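Thank you for making time this morning. I would like to walk through one structure with you, piece by piece, for those who have not seen it before.

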Amino acid sequence: MIDTFHEIKVGGTWVDISDRVRITGTQAVTGSRGMTSWAPAADPAKWTFRLDNRDGAFSQYNAMSPYFGLLSRYTPLRVSIPSDRGHLEILDTSGTLTTPHTASLDIAGDLDVRVEVDLNLVDTEANQTIIGKWSSTAADKQWLLRVYRGYLIFNFIDAGGVERIAYQNIKQFGGRVLRVTLDADNGAGAWAVRFWQADDWSGVWTVVSRQLNATALDGVRSVTSGPLAIGVTDPAVPTAAPRLPFTGFLYRVQVRRGIKGIVVADLDLAAAADGATTVTDATGRVWTLTGGAQIRRRDYLFTGEIGEWPEEIDASDSDAYVSVTAQSRIRREGSDQDALISAITRRVSGYAPRAYWPCEDGADSARLYSPVDGVTSMSISGMRLAAESSMPGSAALPAVATESGTVTSRMTGPVPSGGSTTAWSVYWLYKLSSAPSSYASYMCVQTTGTVRDWRVQISSAGSRLLGLNADGAQVINLLIATGTDLLGQWVLTRFYASQTGTTVSWGLVWKNIKGDAGGLSGTYTGTLGRVTAVGSPPTGWNQLIDGLALGHISVWDDTTTDAYDSSDSNGDILLGYAGEFASERITRLAREAQIPVTVRAKVRSGERLGGQPLASFLDTVKDAATADGGILLDQRARSGYLYLAPSVLQNQQPAATLSYTRRGHIVGAFTPVSDDQYLENDSTVTRTGGSSGRYVQTSGPLNVNPPDTDPQGIGRKSRSVTLNLYDDEQPEGLAAWRVHLGTWSAARFPSVTVDASMLAEELPQLHRIDVGDVLAITDVPTRHTHDTLYLLVLGVSVSRTRVRSLITFNCVPYGPWQVAVAGQSVTAPTSSRLAAAATATATTLHVASDHALWATTAAFPADFPVDLLISGERITLTGVDGTSSPQTFHVTRSINGVIKPLPANSAVDLFTEPYTAVSE
């Protein structure tokens with residue numbers, strides 16, 4: 001039986017319970033992940049098994065159990081098997097792997113660092129160090145690669161002893177291998193840093209950052225001591241979280257002297273022994289593990305949570321066991337949804353304001369709640385709640401409903417004590433359709449300073465700022481020339497003030513959601529004080545501003561905040577981040593919610609999205625994945641999500657090759673199905689709140705024509721979908737892509753089962769096959785196909801007993817995912833056909849072309865040979881004669897074993913194989 005390790009995390013420690021897992025001829029361990037059919041999100045990963053509980057060890061209320069008080073709901077579980085390759089696990093922030101200093105590691109110039117690492121990149125708290133010639137000793141510091149607050153960061157010490165820094169938002173990174181290059185002298189009097197990504201170590205790199213330049217040019221400081229370390233400890237960092245080793249997995253690192261230069265360290269942990277405490281790399285360097293770092297030769301099959309511990313006892317009361325069903329966090333977070341909050345609320349509340357009221361409460365609410373701990377709800381009266389829904393990125397906001405003599409609208413938000421008395425700011429969004437005939441206040445700020453009551457007013461003549469002291473006397477009365485751009489649209493307003501000595505400086509800035517901004521500033525002599533309350537004037541709003549809508553009112557202990565700023569986003573928060581790419585939205589949401597997500601995507605590929613919907617974290621991420629067409633599922637090795645964008649599913653080489661004729665490779669049913677589950681030859685895609693695009697397959701395979709009039713027609717199979725897209729140019733292209741997938745004419749093998757118990761040598765490789773990988777199957781019976789079969793894996797399930805271990809892959813044809821890449825040659829349908837029938841052995845064919853002619857051998861001899869596909873037969877084209885249609889083709893027949901006559905008018909297409917896309 002294949003060893004399987006089952007571990008539960010109790011008391012913060014992983015405990016091996018493998019010897020308690022029951023596996024018999026009838027009692028199996030089973031697991032599944034991914035999906036059984038195409039969908040934007042996978043089902044929750046699941047693992048089921050039985051635990052021997054005759055001694056009551058897994059009885060939660062057994063005081064004699066070694067796990068008493070430790071077995072809770074959602075106890076972490078991970079399952080693994082022995083692997084043929086090793087990796088580094090850093091379990092806590094004490095884990096490091098270091099090699100001593102040598103002269104060749106003193107790189108006081110251009111540098112090239114590459115690392116394959118798996119860690120929580122969206123962690124906003126931990127200052128995670130990855131690798132560096134760096135330590136807590138000042139003299140040892142030279143360079144450091146780390147991740148902090150959503151940024152890839154590269155630090156180095158220049159020749160003058162100054163610490164330099166370059167950083168790039170993590171949302172641009174979607175690869176498996178991270179690379180950073182330092183050009184210490186870019187020839188323009190500056191140093192330059194770039195971050196790169198790759199899917200593997202093949203050397204195909206894509207830039208994920210612009211060139212990060214700085215004008216200072218002092219070179220890099222030379223060092224004569226200190227280790228090269230994976231996981232650096234540098235706790236003494238002023239005004240920031242201590243720099244500590246990452247927690248996660250590392251597979252390989254490489255350090256080069258110079259960009260693409262000489263390799264001075266190359267540690268590939270694949271060959272490292274399980275439990276080793278020292279490792280020698282390809283350059284002969286010896287690396288030593290310390291702290292919570294360890295070398296493991298394990299492949300993780302499942303990481304999830306045990307939701308309950310149901311105990312069972314047989315009828316004779318002689319046997320007891322626990323039937324465990326563990327599932328991934330998608331299940332828990334799918335059922336226990338977080339509060340439905342808007343993009344603005346999710347963003348602003350995550351920036352730790354002194355006070356914040358979104359004002360998105362329902363129409364029957366009596367108060368306006370605050371998502372900030374310790375902040376009292378805002379009291380209201382006479383407001384029309386949830387009245388104005390036109391603000392992008394927000395739920396519906398309240399409006400003033402003041403009527404003379406009957407109703408007076410009021411709003412008061414008390415600010416907790418302890419706020420800053422040296423600098424603060426107040427932000428809010430408002431919309432007012434028309435200006436009042438005389439000045440009316442629309443926001444008031446109360447403080448403990450010389451000015452106790454600040455009032456921002458508006459009228460048809462412009463704006464005014466009033467500042468009243470404790471007696472109600474005017475300290476500030478400033479008229480402001482403003483125009484109609486403050487009316488009829490949503491405007492973000494910031495009022496701020498700070499104290500220096502006896503001088504208080506204040507400022508008022510307006511910015512409409514289209515981006516235009518303006519404002520003014522001034523000073524007075526006195527004290528600033530802290531903010532005590534915000535809202536309407538104490539007596540309520542004037543009826544002249546009836547209909548004023550406002551919300552997202554916040555108070556900050558500084559003059560400014562990035563909470564409302566979109567400088568680090570491809571989309572605008574005030575527009576609900578409309579325009580950001582799906583992979584970027586998923587990364588941003590993960591940072592805001594502090595939920596681990598790993599994104600695999602090409603840089604800025606895929607679909608741009610419309611405004612962020614008012615939904616839970618998981619539903620919002622699914623909304624993005626659906627629009628993009630990728631796959632959202634759980635990670636295998638650690639708790640968290642994995643998003644596979646369409647760009648990483650395309651143009652792959654097979655992860656494994658199976659042979660139909662080899663014992664154990666293919667077991668059980670292996671037959672194609674011809675159903676209509678994926679058929680779609682007439683597709684309509686509608687943008688949420690926008691227009692639609694339609695694409696119809698009118699010719700070629702599986703087109704909409706009736707089969708009695710068109711041999712390739714099947715009749716109309718129409719589908720429609722609404723997606724959250726950015727603009728109206730996207731739907732038609734997506735409709736065409738859906739038809740491309742839905743009319744792919746190839747046999748569909750929905751599942752492939754492997755008997756792993758017969759394949760001990762290949763077992764680790766087979767168990768590493770995951771959702772999104774490609775399988776190649778050779779030696780397929782010719783009744784199904786004469787070519788190698790390529791399948792895209794959508795799901796994986798395992799079943800293990802004492803005598804058998806089965807792995808089943810749920811699949812769809814991979815052919816439609818082989819796509820054109822800019823700068824590469826491409827194969828596609830040719831609009832050519834046989835002008836005359838040919839016998840089974842004919843080596844000369846006559847081909848007619850409706851459009852461009854084929855290149856001739858005389859003009860382009862280097863273009864030959866090339867393979868064709870005609871009526872299911874793979875044929876090698878060795879030459880073409882003739883400069884008018886039909887042309888004469890010289891061919892070698894039956895490359896794939898198909899031997900048959902070729903009918904006239906048979907389509908002549910290029911034969912394609914999977915290939916790897918080449919990027920910059």
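Let me begin at the end of one helix: α4 is followed by Gly629, whose phi angle is positive, near 85°. Please keep in mind throughout that what you see is a predicted model.

Stepping back into the helix itself, α4 covers residues 617-628, and for those 12 residues, at 1.5 Å a residue, we should expect a span of 16 Å; the C-alpha atoms at its ends are 17 Å apart, which agrees with that expectation. As for which of its residues are buried, the list runs Phe617, Leu618, Thr620, Val621, Ala624, Ala625, Ala627 and Asp628.

Let me turn now to the strands, starting with β13, which takes in residues 177-183 and is mostly covered, since six of its seven residues are buried. Which strands does β13 pair with? One is β8, residues 111-119, which pairs with β13 in the antiparallel sense over six bridges, and within that pairing Arg114 has Arg179 of β13 as its bridge partner. Another is β14, residues 191-198, which runs antiparallel to β13 and is joined to it by seven bridges; here Leu182 stands opposite Val193 of β14.

Elsewhere in the chain there is an open sheet of eight strands, paired antiparallel, and if you follow it across, the order reads β27-β28-β31-β40-β33-β34-β35-β36. The strands at its edges are β27, at 367-368, and β36, at 474-480, and each has a single partner strand, so one side of each is left without a neighbour in the sheet.

Inside that order, I would like to look at β33 and β34, residues 440-447 and 453-459, which run antiparallel and are joined by six bridges. Cys444 has its bridge partner in β34, namely Arg455.

That cysteine brings me to my last topic. Is Cys444 buried or exposed? Its relative accessible area is 0%, and because buried means under 20%, Cys444 counts as buried. Cys811 is also a buried cysteine, with a relative accessibility of 4%.

How many disulfides, then, does a search of the whole structure find? The answer is zero. For Cys444 we can say why: the closest cysteine sulfur, in Cys359, is 15 Å from its own sulfur, which is too far for a bond, given that a disulfide would require the two sulfur atoms to lie within 2.5 Å.

I will stop there, and I am happy to go back to any of these places.

Notes. Residues are numbered from 1 along each chain as its sequence is written. This is a predicted model: local features need pLDDT of at least 70, side-chain atom pairs count only at pLDDT 80 or more; totals for chains, interfaces and linings use all residues. Side-chain values use heavy atoms; hydrogens and water are left out. Two strands pair if DSSP finds at least two bridges between them. Helices (H or I, at least four residues) and strands (E, at least two) are DSSP runs, numbered from the N terminus. The expected span of a helix is 1.5 Å times one less than its number of residues. Buried means under 20% relative accessible area, exposed over 50%, partly exposed in between (1.4 Å probe, protein chains only).
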